[in-house]
Amino acid sequence: MGNTNGEKWSFGTHAELFQATTGTAGSDLNIVRLALGEQFVEWEWRYDGDKAQAAGMVFKADMRRRGEQEWLRTIDLERGKVARVDGLENGVDYELQLRALERGASGDAQPASV
């Protein structure tokens, strides 16, 4: 299986022209649709890995301005739901990172080892 931790997509907020690229080939965590709007981005995603393993995982997305170290937002992703982040600045490039995390014994998320 591919590494589902740290999958990054970069994009600009101009709806007319954007580029989405992924740095890790063969990942089980994939963005299948990316839509840019006025001060928002939304996407559909899917986890193509082991279904039994997915039952014990949580999925999160982190967003930051491109080139910055600190993540601006972290959101919980729900399987089968469209994810959306509002309040973005038009004309600014952002990075989006999807993460698959194993649910720890205490319910805390730990990086997945898939």
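**Note on a predicted β-rich chain**

1. Start with one strand pair. E4 and E7 run antiparallel and are joined by nine bridges. Within this pairing, Met63 sits opposite Leu96 of E7. Strand E4 covers residues 57–65, and strand E7 covers 94–103. E7 is mostly covered, with eight of its ten residues buried. Keep in mind throughout that this is a predicted model.

2. Now the overall layout. The protein chain has one helix and eight strands. Read from the N terminus, the order is β-β-β-α-β-β-β-β-β. The chain has 114 residues, and 40% of them count as buried. It exposes about 6,500 Å². Carbon and sulfur atoms supply 44% of that area.

3. Contacts across the sequence deserve a look. Take the contacts in the protein chain with a separation of 6 or more. Residues 24 or more positions apart account for 58% of them.

4. Next, the open sheet. Three strands form it, in the order E2-E3-E6, with antiparallel pairing. Strand E2 (29–37) and E6 are at the edges. Each has a single partner strand, so one side of each lacks a neighbour in the sheet. From one strand to the next, the twist averages 20°. As a general point, strands of a sheet pair through backbone hydrogen bonds, either parallel or antiparallel.

5. The two pairings in this sheet can be checked one by one. Eight bridges link E2 to E3. There, Arg33 has Glu44 in E3 as its bridge partner. Strand E3 (residues 40–47) is joined to E6 by four bridges, and these two strands run antiparallel. Phe40 stands opposite Asp86 in E6.

6. Which residues of strand E6 are buried, and which are not? The strand spans residues 83–86, and its side chains alternate. Ala83 and Val85 point to one face and are buried. Arg84 and Asp86 point to the other face and are not buried.

7. Ile31 is a useful residue to inspect in strand E2. Its relative accessibility is 10%; the cut-off for buried is under 20%, so Ile31 counts as buried. Ile31 and Tyr47 are 16 residues apart in sequence. Their C-alpha atoms are 9.0 Å apart in space.

8. What does the largest nonpolar core contain? It has 22 residues. Those with the most contacts inside it are Val41, Trp43, Trp45, Phe59, Leu77 and Leu98. E2, E3, E4, E6 and E7 are the elements that give two or more residues to this core. In soluble globular proteins, nonpolar side chains tend to be buried together.

9. Finally, confidence. The mean pLDDT of the protein chain is 74, and 68% of the residues score at least 70. Among the elements, E6 has the highest mean pLDDT, at 94. Strand E1 (residues 7–11) has the lowest, at 49. Over residues 12–26 the pLDDT is below 50, and this stretch has 32 contacts in the model beyond near neighbours in sequence. Residues 1–5 also stay under 50. For them the model has 26 contacts beyond four places in sequence. Where pLDDT is low, the predicted coordinates should not be read in detail.

Notes. Residues numbered from 1 in each chain as written. Predicted model: local features only at pLDDT ≥ 70, side-chain atom pairs only at ≥ 80, totals over all residues. Heavy atoms only, no water. Buried < 20%, exposed > 50% of the residue type's maximum accessible area, 1.4 Å probe, protein only. Contact = heavy atoms within 4.5 Å. Areas by Shrake-Rupley, 256 points an atom, 1.4 Å probe, with all protein chains shown as cover. Pairing = 2+ DSSP bridges. Axes fitted to C-alpha atoms, helices over the stretch in contact; angles between N-to-C directions. Core = buried A, V, L, I, M, F, W, Y, C linked by side-chain atoms within 4.5 Å. pLDDT = per-residue confidence, 0-100.
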